[in-house]
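Please look through the sequence and the model below before reading on. The briefing that follows takes up helices, sheets and nonpolar cores.

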Amino acid sequence: MFLTRRFYILMAAVAIVLASGVLLAPLFVVGQCLLVLLAVVLALDALALYTLANVSAERKCAERWSLGDDNTVDILLVNRSPFSLGLTVVDELPPQLQKRDFSLKTRLSANASRQVDYRVRPTMRGVYSFGRVLVYASTAVGCVERRFKCGELADVKVYPSFLMLRRYELMAATDNLSEIGIKRVRRAGNNTEFEQIRDYVKGDDYRTINWKASARRTHLMVNVYEDERAQQVFSLIDKGRLMQQSFQGMTFLDYAINAALVLSYVAVNKQDKAGIITFADKMGAFVPAGRNALQMQRILECLYAEQTTFGESDYSVLPPGINRLVGRRSFMVLYTNFTDFSCLTRQLPYLRLLNQRHRLLVVFFEDVELADYIATPSHGGEEYYQHVIGEKLVYERRLMVSTLKQNGIYSLLTQPGRLSVDVINKYIEMKTRHLLA
């Protein structure tokens, strides 16, 4: 049994009346009567709760949650009591959510049920363990609460953002991809892969006429081209300590994993083959490039278990490791993070080696908080120097982009929140310009 705030307020009011009896004797008698009345009301209230009240609650949620997205949890409340009850629902949330003051309040009529819901946004992959659903019930009097322990212990697995894939698929079906920033890129002429020579048919493009073949056959012949397909697209994910840096509660590694999942989905739908490679101080997980029906599930299960390490990433393992795992020239999207320009220069020889055999796109992150700080006005000498240092770090990021370009390596500098969209746009742009091979 739990005494409510209303009880303590009434008790305080009775105490004030009793104390006033020192000045006016009749008030002391009134206070005694009120005290007896309060005790009777408290006893009846508790008796009704513990003999007639019957409340149950059931938690309903998906077995898998999507990382960085709002996931809905439903709680079905049932009141089988002959009177209405005020309910306070406290769900014992997983410790990863860091919510210790969570509660929902509602009122249920006699013999009624209601479903309440709330949303959670997980920022870490892994297993989230729920406790029980605690329901605190009180009558219309509201002096006493009774606690009901309902629901069952449950575990929910948090996977990389598969909800983003569903949104992308829906927008692609309704032709609304521009709403999330996916750009349309016009193809420049026909694709370059020759398929065959056939007879000219009315309506064929005159530019595809093969004049030499036409002269030999004495009638018009045209070249037939087909789209370039089945390129291997690998998401190469750095798991070193620099990827532990966080933005809006999620680490850079989690942003990279979400982007890699979406890129793989888009690549498979573009008739390319998608694969995954991770590394830190040594080579990590590997999913061979493919585009069969189970490929996305393999990629999802692989990315679910990946975690950052506390050591420095060793880029020297990349060229020999990838050459051993990947036999043909492929498009490699490297998700990484560089603290400064010297960090890039140390890894540049290995990036050049990797780019010699494969087409490499280096994706790294802007420091959004630093950019916001630089945009604020400076006051005084110390803030001025801090702004100068911040501008130097931002300049080094742009210098990294130009340095990679000078070495024939494509790069993408983007904000964590726009990573997935920008990577998709870059992939579509490079595929349209036939730069993946």
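In helix H8, the buried residues (under 20% relative accessible area with a 1.4 Å probe, protein chains only) are Cys-343, Leu-344, Gln-347, Leu-348, Leu-351, Leu-354 and Asn-355. This is a predicted model, in which local features need pLDDT of at least 70 and side-chain atom pairs count only at pLDDT 80 or more, while totals for chains, interfaces and linings use all residues. Residues are numbered from 1 along each chain as its sequence is written, and side-chain values use heavy atoms, with hydrogens and water left out.

**Helix H8**
- The 17 residues of H8 (341-357; helices are DSSP runs of H or I with at least four residues, strands runs of E with at least two, numbered from the N terminus) should span 24 Å at 1.5 Å a residue, and the end C-alpha atoms are 25 Å apart, which agrees; the expected span is 1.5 Å times one less than the number of residues.
- A kink of about 45° lies at Gln-347, shortly before Pro-349, the bend being the angle between axes fitted to the seven residues ending there and the seven starting there.
- The cover over the buried residues of H8 includes strands E14 (232-238), E19 (331-335) and E20 (359-365), together with helices H7 (318-325) and H10 (380-406).

**Six-stranded sheet**
- An open sheet with mixed pairing has the strand order E18-E17-E14-E19-E20-E21, where two strands pair if DSSP finds at least two bridges between them.
- Its edge strands, each pairing on one side only, are E18 (283-290) and E21 (410-414).
- E14 and E19 run parallel and are joined by five bridges, and Leu-236 stands opposite Leu-334 in E19.
- Helix H5 packs on this sheet, touching E14, E17 (273-279), E18, E19 and E20, and its direction makes about 175° with that of E14; axes are lines fitted to C-alpha atoms, for helices over the stretch in contact, and angles run from 0 to 180 degrees between N-to-C directions.

**Nonpolar cores**
- Of the 85 residues in the largest nonpolar core (buried Ala, Val, Leu, Ile, Met, Phe, Trp, Tyr and Cys residues joined through side-chain atoms within 4.5 Å), Leu-77, Tyr-118, Val-135, Tyr-335 and Tyr-427 touch the most other members.
- Helix H5 (residues 252-269) gives the largest share of this core, 14 residues.
- Apart from this core lies another, of 26 residues, among them Phe-234, Leu-242, Cys-343 and Leu-404.
- Beyond its neighbours within four places in sequence, Tyr-427 is in contact (heavy atoms within 4.5 Å) with residues including Val-233, Leu-263, Asp-272 and Leu-436.

Notes:
Buried means under 20% relative accessible area, exposed over 50%, partly exposed in between (1.4 Å probe, protein chains only).
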